[in-house]
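Colleague: I'm new to this one, so please take me slowly through the strands and how they pair up. After that, show me what packs around them.

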Amino acid sequence: MSDVTFPIARQRPLDPPDEATELRQRAAMHRMTYADGHRGWLVTGYSAARAILAHPHFSNRAEVSHPPIPGRFERLRTKTPPGFFIRADAPEHTRYRKLLTGQFTVRRMKALEPRIEEITNACLDDMAAAGGPVDLVQAFALPIPSLVICELLGVPYADREQFQEDTKLLVNLETKAEESIAALGRSMAYLAGLIKRKREEPADDLLSGLIEGGELDDEELTGVGFLLLVAGHETTANMLGLGTYALLTNPDQLAAMRDDPSVVDNGVEELLRYLTIVHLGPVRTALEDVEIEGTTIRAGESATIHLPSVNRDAERFPGGDRLDLARPATGHMSFGHGIHQCLGQQLARTEMRIAYPALLRRFPGLRLAVTPEEVPMRSDMSIYGVHRLPVTW
């Protein structure tokens with residue numbers, strides 16, 4: 001049987017590619033040809049994916065990874081900048097993670113709830129004053145997490161336009177290498193300048209706290225700050241946009257999220273599972289021969305996890321191709337698994353638990369201002385979602 005290539009073309013906007021579903025139904029792992037000619041593995045089954053992401057002999061370092069698709073991922077194999085802990089292995093990763101974990105505890109996120117509610121309500125007030133139709137991405141989905149992460153890190157919100165534009169370039173699969181390098185350079189230069197100013201005038205924010213701790217140099221602080229800033233607004237913004245699209249096209253589920261407070265927490269988990277916006281990875285590379293469910297992955301071979309397929313695995317989530325906010329959805333891997341599980345997952349959950357019900361209760365007549373087919377999807381981005389979401393009420 002010939003090798004597969006990474007399935008990316010979707011037949012329906014809220015479902016994984018049919019090819020990925022068909023592959024998962026045949027087996028959990030498949031021989032795959034990567035963009036650079038490497039012969040590695042595509043993982044479509046839940047238990048195999050979980051085993052690989054938790055295994056200590058798989059590396060996440062950029063230097064050993066292979067690109068699963070042409071485009072942006074061809075730039076994976078570059079030396080990782082200082083502070084880019086998501087592309088580090090233990091013990092380096094452990095050192096960064098230990099410094100940051102205390103900043104994103106459930107308790108701290110709970111303390112942020114009043115401010116997140118205030119930000120959410122301000123966006124809703126602006127929407128009501130403007131009147132429909134509006135682009136929900138620009139009016140609601142993007143400003144909420146952007147303002148929250150800016151306040152948490154100590155980044156001036158007035159500077160958001162440049163880092164949001166640079167983030168779009170960095171996650172766009174069609175961005176040319178030189179444009180991507182330039183966007184990264186601008187973002188890193190901006191954060192380096194911010195770190196320098198905070199050394200001179202510290203404030204009550206996460207970056208100032210890391211500076212005061214004295215364990216990271218300026219290059220490391222810049223890298224950490226970049227990762228937190230990008231991840232802190234890009235992922236949650238796309239979950240808020242795509243999640244609202246999913247609810248508007250599933251009216252019974254929208255009614256449950258709007259009218260039943262007991263559904264909200266689990267409903268957020270179900271939306272995370274069902275939508276799985278990280279749709280092009282992660283990639284892990286074996287440092288030695290490892291056997292996963294009877295299949296040997298040789299040292300040096302990369303395995304790419306197809307998360308949208310994994311989160312629809314019927315063995316773990318029966319009937320998982322249907323959105324059901326009452327389904328027990330814990331255990332999904334939308335935040336990853338193992339030592340690299342998303343550091344800011346509790347912040348993302350808190351923002352979504354507040355934002356979805358607030359939006360739907362404030363505008364009970366909320367509806368798409370275009371047909372579902374006219375909503376432009378982010379198939380060209382490494383983080384899936386909607387480019388725009390025209391709504392009215």
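Modeller: Let's start with a rule: two strands pair if DSSP finds at least two bridges between them. The strands themselves are DSSP runs of E with at least two residues, while helices are runs of H or I with at least four, and both are numbered from the N terminus. Bear in mind that this is a predicted model, where local features need pLDDT of at least 70 and side-chain atom pairs count only at 80 or more, though totals for chains, interfaces and linings use all residues. Numbering starts from 1 along each chain as its sequence is written, and side-chain values use heavy atoms, with hydrogens and water left out.

Now for the sheet. It's an open one with five strands, in the order β1-β2-β8-β5-β3, and the pairing is mixed. β1 (29-33) and β3 (58-59) sit at the edges with a single partner strand each, so each has one side without a neighbour in the sheet.

Start at the β1 edge. β1 pairs with β2 (residues 39-43) through five bridges, in the antiparallel sense. You can find that pairing at Thr-33, whose bridge partner in β2 is Arg-39.

Then jump to the β3 edge. β3 and β5 run antiparallel and are joined by two bridges, and Phe-58 stands opposite Ala-286 in β5. On its way to β8, β5 makes three bridges, again in the antiparallel sense. Here Thr-285 has Ser-302 in β8 as its bridge partner.

β5 deserves a second look. Val-283 and Thr-285 point one way from the strand, Arg-284 and Ala-286 the other, and all of them are buried. Buried here means under 20% relative accessible area, with exposed over 50% and partly exposed in between (1.4 Å probe, protein chains only).

What lies across the sheet? Helix α2 (residues 46-54) does: it crosses β1, β2, β3, β5 (283-286) and β8 (302-305), running at about 125 degrees to β8. The axes are lines fitted to C-alpha atoms, for helices over the stretch in contact (heavy atoms within 4.5 Å), and angles go from 0 to 180 degrees between N-to-C directions.

Next, the cores. A nonpolar core is a set of buried Ala, Val, Leu, Ile, Met, Phe, Trp, Tyr and Cys residues joined through side-chain atoms within 4.5 Å. The largest has 83 residues, and those with the most contacts inside it include Phe-140, Leu-228 and Tyr-356. Helix α10 (residues 218-248) gives the most to this core, 14 residues. Leaving out residues up to four places away in sequence, Tyr-356 touches Met-239, Leu-240 and Leu-271, among others. There's also a second, separate core of 19 residues, and this is where we meet β5's Ala-286 again, along with Trp-41, Ile-52 and Phe-317.

One last stop, back at α10. It is among the helices covering the buried residues of α8, including also α6 (143-153), α7 (160-171) and α9 (206-213). Those buried residues include Ser-180, Met-188, Leu-191 and Lys-198. α8 (residues 177-200) has 24 residues and reaches 35 Å from first C-alpha to last, close to the 34 Å expected; that expected span is 1.5 Å times one less than the number of residues.
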